[in-house]
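Open the model in a viewer with residue selection enabled. The stops below move from one selection to the next.

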Amino acid sequence: MSDESLGQVEHSAMTGPFQVPVTDFRKLGPTSKPTHQLALEEMAAPQRSVDSFIKQYLRELNYGEGVSLDRSTVNHQYLALARTVRAHLMAEWLDTARRRRKAPAKMVGYLSAEYLLGRQLGNALMATDLTETVAEAMDQCGLNLDLLRAQEVEPGLGNGGLGRLAACFIDSLATMDVSCIGYGIRYEYGIFRQTFVDGRQTEVPDTWLALGAPWEFPNPERAVQVDFGGHTETYHGEDGRTRQRWVPGWNVLGIPYNYMVPGYRNGVVNTLRLWSAEATRAFDLSIFNSGDYAEAVRAQTFAENISKVLYPEDSTPQGRELRLQQQYFFVACSLKDYIQGTLEADLDITTLPDRIIFQLNDTHPVIAVPELMRLLLDDYDLEWEAAWDITKRCFAYTCHTLLPEALEVWPTELVGRLLPRHLEIIYRINAEFCEEVRKQFPGDELRVRRMSIISDYPFQAVRMAHLATVASTKVNGVAALHSQLLRDKVLPDFSQMWPEKFTNVTNGVTPRRFIRMANPALSQVITEAIGDGWVTDLERLRELEPYADDAGFREAFLAAKNENKDRLYSLLERREGIVLPKGHLVDVMVKRLHEYKRQMLKLLHIVSTYESIISGEVDPMSITPRIVMFGAKAAPGYFMAKEIIHLINRVGAVVNEDPRVKKQLVVAFPANYNVTSAEKIIPAADLSEQISLAGKEASGTGNMKFALNGALTIGTDDGANVEIRELVGDDNFFLFGMSEPEVAELQQRGYHPASYYESNASLRRALDLIASGAFTGGDRQAASPIIGDLLSNDRFLVLADYQSYIDTQAEVDAAYRDVDRWTRSAILNVARCGFFSSDRSMRDYIERVWMLDTK
């Protein structure tokens with residue numbers, strides 16, 4: 001290749017005679033400007049014209065991917081585009097870091113085992129305001145932007161709402177220009193990809209890294225060593241004091257991978273740092289040369305298992321051990337990274353609480369508490385009292401559950417074997433805490449045992465929620481009802497001892513991804529009415545209220561909803577082969593499959609409706625036509641959840657093919673629900689199913705997304721449903737079921753589910769139809785685990801709430817037939833739910849939990 005050809009980017013596949021000169025850096029002369037300043041200016045140069053972007057893109061395709069446009073694959077084209085767009089964020093990223101180093105302020109360290117980020121390209125285009133420019137540039141290159149966006153594989157680094165909430169929160173903190181770094185794990189395989197085989201869930205590995213990861217920046221030079229195992233020993237320091245130290249048995253390296261977290265068009269880019277495990281000595285050449293090839297790489301394989309899979313199956317001792325390894329691995333990396341790699345080397349460590357607050361996103365990162373104590377005691381040689389005082393001011397804890405089984409406990413045998421020094425520290429924290437309880441509540445040893453960090457039954461274990469509560473400056477729930485139940489039922493002794501420690505921060509969702517990006521049709525309708533300030537100030541949606549009575553606005557709103565339905569139907573037909581009829585109410589239940597969320601109650605409604613049609617009780621043409629759409633993954637080891645998925649699919653197959661139904665009732669269950677799917681399904685929904693048993697759902701965020709996208713909710717008074725109903729009004733919310741006190745009263749009185757079966761003819765016919773094998777090819781045993789459990793146990797009171805649910809669904813049918821009434825209610829849902837922005841959640845954390853000065 002000649003020197004001249006290096007100065008041109010190949011353009012043979014362009015759709016026009018577009019010549020693309022690029023700089024030949026070998027011909028640059030000397031400069032008096034510092035290199036870093038040149039780099040910043042080069043990257044920060046606007047270059048936002050279509051022509052300039054094409055030059056940048058083709059240079060990346062040629063020199064980054066090593067292909068010409070006419071020989072490139074869609075993946076080449078996507079990777080080149082991602083890196084070109086990424087470059088537009090990098091100057092702001094570096095500048096944000098430089099500005100914060102120059103004037104350091106107290107920052108947030110968000111510790112979360114999960115981040116469900118969603119696809120990054122669309123978000124980056126929106127944050128940089130490059131969408132239209134890039135679309136035109138790709139068009140001139142003969143490429144389709146939507147096709148390239150679809151090429152991206154989203155990183156499935158989370159299981160559900162917890163991970164998506166973390167992603168919303170770091171988005172909001174960047175948009176609000178709050179100094180924050182998110183810490184987590186770079187799982188090689190994220191949450192499994194779900195497929196269905198004969199209606200049963202099958203898990204396929206999520207190979208999200210296989211085709212490249214253009215949004216991450218590996219930083220092996222900032223690797224952190226993490227120790228495990230071994231033993232502790234007593235020694236005498238130079239000052240004559242008796243001390244303890246950890247003698248580890250083995251270790252791994254944590255390699256950081258940085259992701260940019262851009263604020264919305266404000267020049268701020270924060271960082272998400274994910275850790276990947278590698279062996280400290282990955283390859284033994286002498287063993288390899290001896291012929292034992294597997295043994296030569298054993299250490300590498302063992303170490304990499306730590307970050308291999310999101311939430312390894314923990315029904316085995318090996319699985320439980322690996323999960324604890326994961327939790328300690330990422331918090332140890334994160335604390336060392338911040339303290340030793342981010343803070344100034346000469347910083348007085350006693351001022352640490354003035355520089356950082358670590359937010360514990362549920363119990364997964366709570367092992368960070370004894371880890372910080374270990375660092376302060378063993379590495380910084382502080383006395384216990386000083387170290388504990390610092391630690392208690394460095395953590396805040398968010399509890400995300402009301403289910404006792406979700407509050408993690410770790411056997412002391414396992415903790416002691418993996419982390420012997422940490423167990424010693426936990427024992428001392430607990431001993432001093434128990435003495436504190438005895439002083440405040442003398443003579444109440446039962447209370448001491450209830451509150452102890454160490455439980456003795458059925459085996460000795462560390463209660464991680466108790467440890468987090470003792471060590472944190474604040475403890476919060478995630479919805480008003482949840483926070484009250486957290487104080488009254490989950491941690492009542494602690495709230496009595498420290499009432500000032502407990503607070504509420506209701507969850508929220510980012511309007512950038514879940515309205516502005518996911519629902520461009522509705523976004524345009526809103527912006528034309530009230531301007532675009534709502535994107536960063538969602539309470540401005542209140543300005544839409546008068547438009548609910550404007551016939552022209554209702555027509556535009558309804559047109560946007562229908563456009564979203566058409567988009568979804570087209571996607572499902574193309575991707576899944578699912579063909580859906582038009583003109584139906586779209587009834588959606590998408591969430592993690594768990595019995596307390598009560599997908600089974602939704603299924604009973606479907607079966608009851610179907611039974612009434614085939615029995616001749618109801619003319620199918622008299623019912624409101626309805627598409628019921630599910631989206632859910634079950635944990636691989638959760639037997640009952642997987643049985644429910646199978647039954648949903650079998651019922652759907654029968655209902656959809658029965659000519660007697662005349663397509664008036666259709667069931668759809670597209671596989672592999674994720675953030676990308678949510679961005680298409682949620683905007684198309686008319687009805688949002690939020691039907692968990694009252695008192696079991698902490699908050700939910702799907703309920704917020706649906707309401708903000710113009711769906712009406714049918715739900716119990718549970719989680720954030722309570723606040724949604726209070727804001728939108730009873731006339732715009734379909735409430736059913738028992739309240740939390742009524743649930744508690746029924747359970748205390750004694751719940752007998754079979755009595756509901758015997759006394760309710762509709763319920764009995766629905767269950768009998770399932771049990772008859774009508775949906776399972778005549779196999780009467782196929783659904784027996786589900787039917788048997790409902791009739792004998794029914795832990796989440798599905799049968800008790802059945803009739804109320806059926807009656808309320810009849811109200812839904814009637815309301816949907818009145819188009820103007822329904823559309824008006826949908827508009828008011830959007831207008832009155834601005835409270836549920838994650839920006840507001842972050843303001844609440846700043847004021848109630850973190851106590852940051854953001855002025």
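Which residue stands opposite Met-629 in E22? Select both strands before answering: strand E21 covers residues 626–631, and strand E22 covers 665–668. The residue opposite Met-629 is Ala-668.

Before going further, note that this is a predicted model, in which local features need pLDDT of at least 70, side-chain atom pairs count only at pLDDT 80 or more, and totals for chains, interfaces and linings use all residues. Residues are numbered from 1 along each chain as its sequence is written, and side-chain values use heavy atoms, with hydrogens and water left out.

**Whole chain**

Zoom out to the full chain. The protein chain holds 35 helices and 25 strands; these are DSSP runs numbered from the N terminus, helices being H or I of at least four residues and strands E of at least two. Its radius of gyration, taken over C-alpha atoms, is 28 Å, close to the 29 Å that the globule rule gives for 855 residues, so the chain is as compact as a globular protein of that length. The globule rule is 2.2 Å times the number of residues to the power 0.38. Along the principal axes, the C-alpha atoms fill a box of roughly 85 × 85 × 65 Å.

Colour by accessibility next. Of the 855 residues, 58% count as buried (under 20% relative accessible area; exposed is over 50%, partly exposed in between, with a 1.4 Å probe and protein chains only). Among contacts (heavy atoms within 4.5 Å) with a separation of 6 or more, 76% are between residues 24 or more positions apart.

**The open sheet**

Return to E21 and E22 and add their partners. Six strands form an open sheet with parallel pairing, in the order E22-E21-E20-E23-E24-E25. Two strands pair if DSSP finds at least two bridges between them. The edge strands are E22 (665–668) and E25 (734–735), each of which pairs on one side only.

Four bridges join E21 to E22, and the two run parallel. Pick Ile-627 and its bridge partner in E22, Val-666. What covers the two faces of E22? Show its side chains: Leu-665 and Val-667 lie on one side, Val-666 and Ala-668 on the other, and all are buried.

Now select Ala-685, in the loop between helix H26 (675–684) and strand E23 (687–690). Ala-685 is buried, at 0% relative accessibility. Leaving aside neighbours within four places in sequence, its contacts are Lys-561, Val-586, Val-588, Phe-706, Gly-710 and Ala-711. For a distance across the model, draw a line from Ala-685 to Asn-62: these residues are 623 apart along the chain, and their C-alpha atoms are separated by 43 Å.

**Lys-642**

Select helix H25 (residues 639–657), which contains Lys-642. Is Lys-642 buried or exposed? Lys-642 is buried, with a relative accessible area of 18%. Not counting residues up to four places away in sequence, Lys-642 touches Gln-201, Glu-203, Ala-634, Ala-635 and Pro-636.

**Strand E4**

Move to residues 180–185, which make up strand E4; six of the six are buried, so the strand is largely enclosed by the rest of the structure. Cys-180, Gly-182 and Gly-184 are on one side, with Ile-181, Tyr-183 and Ile-185 on the other.

Add strand E1 (residues 107–111), which pairs with E4 in the parallel sense over four bridges. Here Tyr-110 has Gly-182 of E4 as its bridge partner. Then add strand E12 (residues 269–279), joined to E4 by five bridges and also parallel. The bridge partner of Ile-185 in E12 is Trp-275.

**Backbone stops**

Three loops remain. Asp-198 sits between strand E5 (193–197) and strand E6 (200–204). Its phi is near 55°, a positive value in a residue other than glycine, and Asp-198 counts as exposed at 68% relative accessibility.

Asp-362 is in the loop between strand E13 (356–361) and helix H13 (368–379). Asp-362 has a positive phi of about 75° although it is not a glycine, and it is buried, with a relative accessible area of 8%.

Finish at Pro-458, in the loop between strand E16 (454–455) and strand E17 (461–463). The peptide bond from Tyr-457 to Pro-458 is cis, with omega near 5°.
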